[in-house]
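Student: Could you take me through one part of this model closely? I would like to look at the surroundings of the ligand, and then at how the rest of the chain is arranged about that part.

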Amino acid sequence: MGRKTWESLPEQIKPLQGRINAVISSNPDYELPEGVLQFDSLDQALMAISTSGIIDRVFVAGGGQLYAEAVLHPELEQIFLTRLEADFDCDVFFPEKIPEGFDIISATETMESDGLEYYMVILERTEEALLDADETVEELVDPEY
Ligand SMILES: NC(=O)c1ccc[n+]([C@@H]2O[C@H](COP(=O)([O-])OP(=O)(O)OC[C@H]3O[C@@H](n4cnc5c(N)ncnc54)[C@H](OP(=O)(O)O)[C@@H]3O)[C@@H](O)[C@H]2O)c1
């Protein structure tokens, strides 16, 4: 996760349990609790993790800056996307365009929690896009596209 996402997490849930936490920051002196890894780029993190021999899957947990880099990364395999059916006053966003070559492999029905409707979609990189065009993917991910 990016340094700002780390800072946005409530103290009581840091570090995120059951997984190795890695924070990306260009500041080598940035202080993190023991056990939380720090890297100065996404690539440096991926390289260290892939050679560790103990990590099977890496999840990029945000925020906007890191997502923007991750969706263009050649090693990206899947995108787990939750879409909330409501408007919010936001200043950080997931990248607007889903990269080419990704298809929806599963989607939930619209669900509801505390009056908020949402659905989840999993996109996966495919050798050959089965759906005709990313436009279709974008329509599914964003019905107002
Ligand atoms: N809805 C969601 O799914 C979701 C998920 C996660 C986060 N969020 C929200 O997103 C917001 C934070 O997003 P953000 O875009 O402002 O920040 P961010 O991506 O979390 O973090 C940005 C920081 O990460 C470091 N960084 C990122 N890319 C880097 C690179 N290539 N090389 C070196 N350092 C790099 C830099 O830290 P330094 O400045 O220290 O160098 C940069 O300032 C928070 O409000 C959080 O709550 C939402």
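**The ligand shell and its setting**

Tutor: Happy to! Please keep in mind that this is a predicted model. Let us start with the ligand itself. It is surrounded by 22 residues, and the closest are Gly-2, Ser-26, Gly-62, Gly-63 and Gly-64. By type, the shell holds seven nonpolar, eleven polar and four charged residues. Two helices each supply at least two residues of this shell: helix 1, which spans 3-8, and helix 3, which spans 64-70. Domain 1 (1-62) and domain 2 (63-145) both contribute to the shell, so the ligand lies between them.

Now look at the place where one domain gives way to the other. Domain 1 ends at residue 62 and domain 2 begins at 63, and the peptide bond from Gly-62 to Gly-63 is cis, with omega near 0°. Gly-63 sits in the loop between helix 2 (42-50) and helix 3. Both glycines of this cis bond are also listed among the closest residues to the ligand. A second cis peptide bond runs from Lys-14 to Pro-15, with omega near -15°. Pro-15 belongs to the loop that links helix 1 and strand 1.

Next, the packing. The largest nonpolar core has eight residues: Met-1, Trp-6, Ala-22, Val-23, Ile-24, Ala-45, Val-60 and Leu-66. Strand 1, residues 22-24, gives the largest share of this core, with three residues. If you set aside neighbours within four places in sequence, Trp-6 is in contact with Met-1 and Val-23. Over the whole chain of 145 residues, buried residues make up 10%.

Further along the sequence you will find strand 6 (residues 116-125), which is a good one to follow by eye. Strand 3 (residues 78-84) runs antiparallel to strand 6 and is joined to it by seven bridges. Within that pairing, Phe-80 has Ile-122 of strand 6 as its bridge partner. Strand 4 (residues 102-107) also pairs with strand 6 in the antiparallel sense, here over five bridges. Ile-122 turns up again in this pairing, as the bridge partner of Ser-106. Strand 5 (residues 111-113) is antiparallel to strand 6 as well, with three bridges between them. In that pairing, Glu-112 stands opposite Glu-117 of strand 6.

Strand 5 and strand 6 form a hairpin with two residues between them. One detail there deserves a look: Asp-114, in the loop between these two strands, has a phi near 50°, a positive value in a residue other than glycine. Asp-114 counts as exposed because it has 4 other C-beta atoms within 10 Å, and the cut-off for exposed is 12 or fewer.

To place these parts in the whole, the chain has four helices and six strands. Read along the sequence, they follow the pattern α-β-β-α-α-β-β-β-β-α. As for contacts with a separation of 6 or more, 51% are made by residues 24 or more positions apart. If you want to return to the ligand with this picture in mind, helix 1 and helix 3 are the helices to pick out in its shell, and Gly-62 and Gly-63 mark the cis bond.

Terms used: Residues are numbered from 1 along each chain as its sequence is written. This is a predicted model: local features need pLDDT of at least 70, side-chain atom pairs count only at pLDDT 80 or more; totals for chains, interfaces and linings use all residues. Two strands pair if DSSP finds at least two bridges between them. A residue is near a molecule or strand if its C-beta atom, placed from the backbone, lies within 6 Å of it. Ala, Val, Leu, Ile, Met, Phe, Trp, Tyr, Cys and Pro count as nonpolar, Asp, Glu, Lys and Arg as charged, and the others, Gly among them, as polar. Domain bounds come from an automatic or database domain assignment. A nonpolar core is a set of buried Ala, Val, Leu, Ile, Met, Phe, Trp, Tyr and Cys residues joined through C-beta atoms within 7 Å. A residue is buried if 20 or more other C-beta atoms lie within 10 Å of its own, exposed if 12 or fewer, and partly exposed in between; C-beta atoms are placed from the backbone. Two residues are in contact if their C-beta atoms, placed from the backbone, lie within 7 Å.
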